Amino acid sequence: MLHRPIKHCRNCGAAVVYRIPDDGDTRKRAVCPGCETIHYENPLNVVGTVPYWGDKVLLCKRNIEPGWGKWTLPAGFMELGESTQQGAARETDEEAGARIEMQGLITVMSVPRAGQVHLYYRARLLSDQFNPGHETIEARLFAQDEIPWDEIAFRTVRETLLRFFSDRETGRDTVHNFDVS
Ligand SMILES: [Zn+2]
């Protein structure tokens with residue numbers, strides 16, 4: 001799941017080589033032997049929401065790989081030029097067609113294996129009518145005891161749902177910051 005290696009220089013198009021640059025760096029980078037551009041690769045942000053309606057949460061059945069046919073929370077890669085909350089709202093609109101009021105952060109998860117950071121926000125649904133996009137087969141509400149735990153697409157989604165419901169039980173909305181291997 002790590003990013004595909006860079007093959008060609010973004011500046012001049014020459015084939016790059018992976019080596020430690022001569023500037024005191026300690027990691028291998030894609031270095032262009034032609035124009036000497038160093039290409040830095042850093043983790044990507046995945047942003048999403050836990051949309052809730054009373055005691056139920058909204059899950060989307062995936063119409064795309066990975067995890068086709070499994071259930072997920074609305075989430076996706078942040079785009080340049082948007083904030084984390086804007087990205088989470090956009091994904092919620094694109095994948096579920098859900099109208100929400102954005103609330104506080106619930107999880108911040110580092111996923112070093114994938115080179116990603118995932119952030120989820122609580123989001124109060126303003127309607128229980130959904131209009132899912134092409135990436136979603138079906139969008140529907142689940143109470144805690146209805147969640148298809150064996151058919152959740154990603155561990156980060158499962159971990160976020162567990163914290164959402166445990167916060168509900170304690171009546172405290174907290175930010176959970178942890179790593180997912
Ligand atoms: Zn170059």
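# Exercises on a predicted protein model

A search of the whole structure finds 0 disulfides. Keep that in mind as you work through the exercises below, and remember that the model is predicted.

## Exercise 1: Cysteines and zinc

Find out which residues hold the zinc ion and describe the geometry of the site.

**Solution**

Step 1. Look for the protein donors. The zinc ion has Cys9, Cys12, Cys32 and Cys35 as its donors, each through its SG atom, at 2.3 to 2.4 Å.

Step 2. See how these donors are spread along the chain. Their spacing follows C-x2-C-x19-C-x2-C.

Step 3. Check the angles. The 4 donor atoms make angles of 101 to 120°. Four donors count as tetrahedral if all angles lie between 85 and 135 degrees, and the zinc site is indeed tetrahedral. For comparison, the ideal angle for four tetrahedral donors is 109.5 degrees.

Step 4. Recall the search for disulfides. A disulfide is a covalent bond between the sulfur atoms of two cysteines. The search found 0 of them in the whole structure.

Step 5. Sort three of the donors by accessibility. Cys9 has a relative accessible area of 5%, so it is buried. Cys12, at 44%, is partly exposed. Cys35 is partly exposed too, at 32%.

## Exercise 2: The overall layout

Describe the order of helices and strands, and say how much of the protein is buried.

**Solution**

Step 1. Count the elements. There are 2 helices and 11 strands.

Step 2. Read them along the sequence. The pattern is β-β-β-β-β-β-β-α-β-β-β-α-β.

Step 3. Turn to the dimensions. The C-alpha trace spans about 60 × 35 × 30 Å along its principal axes.

Step 4. Consider burial. The protein has 181 residues, and 43% of them count as buried.

Step 5. Ask how far apart in sequence the contact partners lie. Take the contacts between residues at least 6 apart in sequence: 61% of these join residues at least 24 apart.

## Exercise 3: Inside the cores

Which residues of the largest nonpolar core touch the most other members, and which element gives the most residues to it?

**Solution**

Step 1. Start with the members. The largest nonpolar core holds 22 residues, and Val57, Leu59, Ile147 and Leu161 touch the most other members.

Step 2. Map the core onto the elements. Two or more residues come from each of β4 (44–53), β5 (56–62), β8 (100–111) and α2 (155–170). With 4 residues, α2 gives the most.

Step 3. Zoom in on Leu161. Beyond its neighbours within four places in sequence, Leu161 is in contact with Val57, Leu59, Leu73, Ile147, Trp149 and Ile152.

Step 4. Look for a second core. Apart from the largest one lies another core of 9 residues, including Leu58, Cys60, Ala98 and Leu125.

## Exercise 4: Two threonines

Decide whether Thr49 and Thr160 are buried or exposed, and list what they touch.

**Solution**

Step 1. Place Thr49. Thr49 sits in strand β4, and its relative accessibility is 0%, so it counts as buried.

Step 2. Find its polar partner. The side chains of Thr49 and Thr92 make a polar contact at 2.7 Å.

Step 3. List the wider surroundings. Setting aside neighbours within four places in sequence, Thr49 is in contact with Leu73, Pro74, Ala88, Thr92, Ile100, Met102, Tyr120, Tyr121 and Ala123.

Step 4. Move to Thr160. Thr160 belongs to helix α2 and is buried, with a relative accessibility of 0%.

Step 5. List what Thr160 touches. Without counting residues up to four places away in sequence, its partners are Val50, Leu73, Ile106, Thr107, Met109 and Tyr120.

## Exercise 5: Residues in loops

Where are Pro112 and Phe154 found, and is each buried, partly exposed or exposed?

**Solution**

Step 1. Locate Pro112. Pro112 lies in the loop between β8 and β9 (116–125). Exposed means over 50% relative accessible area; Pro112 has 58%, so it is exposed.

Step 2. Relate Pro112 to another part of the chain. Its C-alpha atom is 7.7 Å from that of Val180, although the two residues are 68 apart along the chain.

Step 3. Locate Phe154. Phe154 is in the loop between β10 (136–143) and α2, and at 27% it counts as partly exposed.

Step 4. Find the contacts of Phe154. Leaving out neighbours within four places in sequence, Phe154 is in contact with Arg62, Pro66 and Thr72.

Conventions
Residues numbered from 1 in each chain as written. Predicted model: local features only at pLDDT ≥ 70, side-chain atom pairs only at ≥ 80, totals over all residues. Heavy atoms only, no water. Core = buried A, V, L, I, M, F, W, Y, C linked by side-chain atoms within 4.5 Å. Buried < 20%, exposed > 50% of the residue type's maximum accessible area, 1.4 Å probe, protein only. Contact = heavy atoms within 4.5 Å. Donors = N, O, S within 2.8 Å, 3.2 Å for Na, K, Ca; no water. Tetrahedral: all angles 85-135°; square planar, octahedral: opposite > 155°, others 65-115°. Polar contact = N/O pair within 3.5 Å; in protein donor to acceptor, adjacent residues only side chain to side chain. Disulfide = S-S within 2.5 Å.
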